[in-house]
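Here are a few exercises to work through with the structure open next to you. Try each task before you read the solution.

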Amino acid sequence: QVQVVESGGGSVQAGGSLRLSCAVSGYTGSSYCVGWFRQAPGKEREAVASVVRDGSTSYATSVKGRFTASKDNAQKISYLQMNSLKVEDTGMYYCAADLTCRLRSSDLYWGQGIQVTVSS
């Protein structure tokens with residue numbers, strides 16, 4: 001049974017940093033892809049970052065230069081390092097493990113969500 005567990009959220013002051021972790025268990029493959037998403041109250045869920053099979057990353061324009069996503073295929077852990085946090089970064093953050101890297105809904109396993117609150 002594949003499970004995805006997120007950790008590392010919390011509250012910080014603007015300009016501070018947080019690191020979110022996304023641990024995948026129950027999967028024995030050699031690699032996978034990861035997507036990071038967030039949703040602020042009253043807004044639609046948006047993609048924040050992705051890490052593809054070879055470790056290459058992509059970022060939303062709003063977080064480029066501030067967030068860094070990474071993935072350890074052996075440990076089955078993805079990290080989202082968030083620096084220079086802004087109030088508008090506040091929201092619920094989710095990671096999704098894509099076991100086939102094909103963007104198929106049936107192959108996506110979602111974490112439970114972690115709250116990130118940035119205050120001024």
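**Exercise 1. A polar contact of arginine 66**

Keep in mind that this is a predicted model. Work out which backbone atom lies 3.0 Å from a polar atom of the side chain of arginine 66, then decide whether arginine 66 is buried or exposed.

*Solution.*
- Start at the side chain: one of its polar atoms sits 3.0 Å from the backbone oxygen of serine 84.
- Next, place the residue: arginine 66 is in the loop between strand E6 (57–59) and E7.
- Now list the neighbours. Leaving out residues up to four places away in sequence, arginine 66 touches Gln81, Met82, Asn83, Ser84, Leu85, Lys86 and Asp89.
- Finally, the accessibility. Arginine 66 has a relative accessibility of 11%, and buried means under 20%, so arginine 66 counts as buried.

**Exercise 2. The sheet**

Find the order of the four strands in the open sheet, and say which strands are at its edges.

*Solution.*
- Read across the sheet: the order is E1-E3-E8-E7, with antiparallel pairing.
- The edges are strand E1 (3–7) and strand E7 (67–72), each of which pairs on one side only.
- As for the twist, neighbouring strands here are turned by 15 degrees against each other on average, if you ignore direction.
- Go to the E3 and E8 pair: strand E3 (residues 18–25) and strand E8 (residues 77–82) run antiparallel and are joined by six bridges. Serine 21 is opposite tyrosine 79 in E8.
- Then take E7 and E8, which also pair in the antiparallel sense, over six bridges. Here threonine 68 faces glutamine 81 in E8.

**Exercise 3. The hairpin**

How many residues are between the strands in the hairpin of E7 and E8, and which residue takes a positive phi?

*Solution.*
- Count the linker: there are four residues between the strands.
- Check the backbone angles: lysine 76 is the residue with a positive phi, near 60 degrees.

**Exercise 4. Serine 7**

Locate serine 7, list what serine 7 touches, and classify its exposure.

*Solution.*
- Serine 7 lies in strand E1.
- With residues up to four places away in sequence left out, serine 7 touches Arg19, Leu20, Ser21 and Ile114.
- For a distance check, jump 36 residues along the chain to lysine 43: the C-alpha atoms of serine 7 and lysine 43 are 23 Å apart.
- The relative accessible area of serine 7 is 37%. Partly exposed covers the range between under 20% and over 50%, so serine 7 is partly exposed.

Terms used
Residues are numbered from 1 along each chain as its sequence is written. This is a predicted model: local features need pLDDT of at least 70, side-chain atom pairs count only at pLDDT 80 or more; totals for chains, interfaces and linings use all residues. Side-chain values use heavy atoms; hydrogens and water are left out. Two strands pair if DSSP finds at least two bridges between them. Helices (H or I, at least four residues) and strands (E, at least two) are DSSP runs, numbered from the N terminus. Axes are lines fitted to C-alpha atoms, for helices over the stretch in contact, and angles run from 0 to 180 degrees between N-to-C directions. Buried means under 20% relative accessible area, exposed over 50%, partly exposed in between (1.4 Å probe, protein chains only). Contact means heavy atoms within 4.5 Å. A polar contact is a pair of N or O atoms within 3.5 Å; within protein, one must be able to donate a hydrogen and the other to accept it, and residues adjacent in sequence count only if both atoms are side-chain atoms.
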